[in-house]
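Please work through the exercises below with the sequence and the structure in view. Each task is followed by a worked solution.

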Amino acid sequence: MSIVIGIDVGGSTTKIVGIEGLHMKSPLMVKANDPKASIYGGFGKFLDVNGLKLGDISAVMVTGVGSTAIDDNIYGIPTTKVNEFSAIGRGGLYLSGL
């Protein structure tokens, strides 16, 4: 499997989704006061809910105000910060089929 994880780290809620090819895995939201706790806890929960392993994940893309808490790869998986406005625009294009 080659799944890309997208994480939007907001001020109070973190949203996580996984994309494999053209298919979206079950997204989820977690709440935490600490951005790192939210990212790592939510990531683990996302894997569990979707029956995935770390080896199934090829990349992680993070965005949002809390993404500044990430300075390195998440669990050793290549991790890239993405501008939030670009992420919203590209996500909208994907969901609309454009």
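The exercises that follow concern a predicted model.

**Exercise 1. Fold outline**

Task: State how many helices and strands the chain has, and in which pattern they follow one another.

Solution. Step one is to count the elements: the secondary structure comes to two helices and six strands. Step two is to read them along the sequence, which gives the pattern β-β-β-β-α-β-β-α.

**Exercise 2. Overall dimensions**

Task: Determine whether the radius of gyration of the chain agrees or disagrees with that of a compact globule.

Solution. Begin with the expectation: for 98 residues, a compact globule would have a radius of gyration near 13 Å. The chain has 12 Å, and therefore the value agrees with that of a compact globule. For the extent along the principal axes, the C-alpha atoms fill a box of roughly 35 × 30 × 20 Å. Next, consider burial and contacts. Of the 98 residues, 34% count as buried. Among contacts with a separation of 6 or more, 42% are made by residues 24 or more positions apart. Finally, the chain exposes about 5,800 Å², of which carbon and sulfur atoms supply 59%.

**Exercise 3. The largest pocket**

Task: Describe the volume of the largest pocket, the elements that supply its lining, and the character of the lining residues.

Solution. The volume of the largest pocket is about 830 Å³. Its lining has 25 residues, and Gly 6, Val 17, Ala 87, Arg 90 and Gly 91 lie nearest the centre. To assign the lining to elements, note that strand 1 (3–9), strand 2 (13–20), strand 5 (57–63) and helix 2 (84–96) each supply at least two residues. Helix 2 gives the largest share, nine residues. Sorted by character, the lining divides into 16 nonpolar, five polar and four charged residues.

**Exercise 4. Two residues to classify**

Task: Decide whether Ser 38 and Leu 52 are buried or exposed, and locate each in the chain.

Solution. The cut-off needed is that buried means under 20% relative accessible area. Ser 38 is found in helix 1. Ser 38 has 3% relative accessibility and so counts as buried. Leaving aside residues up to four places away in sequence, Ser 38 touches Thr 14, Val 30, Ala 32 and Phe 43.

Leu 52 is found in the loop between helix 1 (35–49) and strand 5. Its relative accessible area is 10%, so Leu 52 is buried. Although Leu 52 and Ile 3 are 49 residues apart along the chain, their C-alpha atoms are separated by 9.5 Å.

**Exercise 5. Met 61 and Tyr 75**

Task: Find the class of accessibility to which Met 61 and Tyr 75 belong, and describe the setting of each.

Solution. The class between buried and exposed runs from 20% to 50% and is called partly exposed. Met 61 is found in strand 5. With 31% relative accessibility, Met 61 therefore counts as partly exposed. Apart from residues up to four places away in sequence, Met 61 touches Val 4, Ile 5, Gly 6, Ile 7, Thr 80 and Val 82. The C-alpha atoms of Met 61 and Ala 37, 24 residues apart along the chain, have a separation of 17 Å.

Tyr 75 is found in the loop between strand 5 and strand 6 (79–81). At 42% relative accessibility, Tyr 75 is likewise partly exposed. As for its backbone, Tyr 75 has a positive phi of about 50°, although it is not a glycine.

Methods
Residues are numbered from 1 along each chain as its sequence is written. This is a predicted model: local features need pLDDT of at least 70, side-chain atom pairs count only at pLDDT 80 or more; totals for chains, interfaces and linings use all residues. Side-chain values use heavy atoms; hydrogens and water are left out. On a 1 Å grid over the protein atoms alone, a cavity is a set of points where a 1.4 Å probe fits but cannot get out, and a pocket is an open set with protein on both sides within 12 Å along at least five of seven lines; lining residues have an atom within 4 Å of a point. Grid points are joined across faces, edges and corners, and a volume is the space filled by probe spheres set on the points. Helices (H or I, at least four residues) and strands (E, at least two) are DSSP runs, numbered from the N terminus. Ala, Val, Leu, Ile, Met, Phe, Trp, Tyr, Cys and Pro count as nonpolar, Asp, Glu, Lys and Arg as charged, and the others, Gly among them, as polar. The radius of gyration is taken over C-alpha atoms; the globule rule is 2.2 Å times the number of residues to the power 0.38. Buried means under 20% relative accessible area, exposed over 50%, partly exposed in between (1.4 Å probe, protein chains only). Contact means heavy atoms within 4.5 Å. Accessible areas come from the Shrake-Rupley method with a 1.4 Å probe; for residues, only the protein chains shown count as cover.
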